[in-house]
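Trainee: I would like a close look at one part of this protein, the network of salt bridges. Please take me through it and then place it in the rest of the fold.

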Amino acid sequence: MEIFSIDRLATYLAQGGVTMWFIGALSILGVGCALERFWNLRRGRIVPDGLSADIVSLWKSGRLDEVSSLCRTDGSMLSRIVEAMLQYADSTDYAEVKLFAEEKAGRELRLESRKSSMLATAATIAPLLGLFGTVAGLLGAFGTVAAMGEMGDASVLADDIGKALVTTVAGLVVSIPCLFVTGMLKSRLDLYSVLLEEEIADLVNQLFIRKG
């Protein structure tokens, strides 16, 4: 379609002026943040399959050095929590270990949640920039009318009106996908938080409750 031609898009960019460059920068930020989040919020980066079984096997065999090595090699969120739990390897206080592991998991999850903040920021600022461009375009149109004294040839207002409409559309085009992806990432993180809680409870039960 002509509306998506290179020439037409270049015209839209020119009409939008400087505001379009800021909206474009937000779109790049949003895409980069989304790709980083989808890459790092994978099951294997949070709660890998089979890791708990390997840890339990090594831990119960007394090979704690191998547990530590496995955790460092794996690098997942669960492995970082287990590595921190190693300092309680000789503890007989099941409740203390469980509380410590849950607090560690909570900090890890909050950190992952904060890493999505730039995507939410892009979703919030993009439509505001679009609104700014809209207001600037309308002010330009009114200024043109005031200078001419009457409407006269409406084509002289085309540039200002185009700026008002293009920036609004561009802001929404950036904001809507960012909001959608933010919701997807939040749902994914909520799911992984439940899985992580279950894994931690199971690990603590198998490794420490027998000492209670």
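Mentor: A salt bridge here is a side-chain nitrogen of Lys or Arg within 4 Å of a carboxyl oxygen of Asp or Glu. The model is a predicted one. With that cut-off, Glu36, Arg37, Glu112 and Lys115 are linked in a network of salt bridges. Side chains of opposite charge can pair when their charged atoms come close.

Take the pairs in turn. Glu36 and Arg37 meet through their side chains at 2.8 Å, N to O. For the side chains of Glu112 and Lys115 the N to O figure is 3.6 Å. Both values fall within the 4 Å cut-off, so both pairs count as salt bridges.

Next comes burial, where under 20% relative accessible area is buried and over 50% is exposed. Arg37 has 0% relative accessibility, so Arg37 counts as buried. Glu112 is also on the buried side of the cut-off, because its relative accessible area is 7%. Glu36, at 30%, counts as partly exposed, and Lys115, at 37%, counts as partly exposed too. Each of the two pairs therefore joins a buried residue to a partly exposed one.

Arg37 belongs to the buried set of H2, which also includes Thr19, Met20, Ile23, Leu26, Gly30, Cys33, Ala34 and Asn40. H2 itself has 23 residues and reaches 34 Å from first C-alpha to last, close to the 33 Å expected at 1.5 Å a residue.

The network does not account for every salt bridge in the model: a search of the whole structure finds 10. One outside the four named residues pairs Glu66 with Arg63, with the closest N and O atoms 3.6 Å apart. In this pair Glu66 is partly exposed at 38% relative accessibility, and Arg63 is partly exposed at 37%.

Now the surroundings. The protein has 9 helices and 0 strands, and 36% of its 212 residues count as buried. Among contacts between residues at least 6 apart in sequence, 75% join residues at least 24 apart.

In soluble globular proteins, nonpolar side chains tend to be buried together. The largest nonpolar core in this model has 48 residues, and Trp59 and Leu196 have the most contacts inside it. The elements giving two or more residues to this core include H2 (18-40), H7 (94-114) and H9 (158-208). H9 gives the most, with 14 residues. Leaving out residues up to four places away in sequence, Leu196 touches Ile46, Val47, Met77, Leu78, Ile81, Ala105 and Leu109.

A buried residue outside the helices is Ser76, in the loop between H5 and H6. Ser76 counts as buried because its relative accessibility is 1%. Beyond its neighbours within four places in sequence, Ser76 is in contact with Gly44, Arg45, Ile46, Pro48 and Leu51.

The surface also has a nonpolar part. Leu128, Leu131, Val135 and Leu139 form a patch there, with about 390 Å² of accessible area together. Leu139, in helix H8, is exposed, with a relative accessible area of 58%. Over the protein as a whole, the accessible surface comes to about 12,100 Å², of which 64% belongs to carbon and sulfur atoms.

Terms used: Residues numbered from 1 in each chain as written. Predicted model: local features only at pLDDT ≥ 70, side-chain atom pairs only at ≥ 80, totals over all residues. Heavy atoms only, no water. Core = buried A, V, L, I, M, F, W, Y, C linked by side-chain atoms within 4.5 Å. Buried < 20%, exposed > 50% of the residue type's maximum accessible area, 1.4 Å probe, protein only. Helix = DSSP H or I, 4+ residues; strand = E, 2+ residues; numbered from the N terminus. Contact = heavy atoms within 4.5 Å. Patch = residues over 30% accessible without salt bridge, like charges linked within 9 Å, V, L, I, M, F, W, Y side chains within 5 Å. Areas by Shrake-Rupley, 256 points an atom, 1.4 Å probe, with all protein chains shown as cover. Expected span 1.5 Å × (residues − 1).
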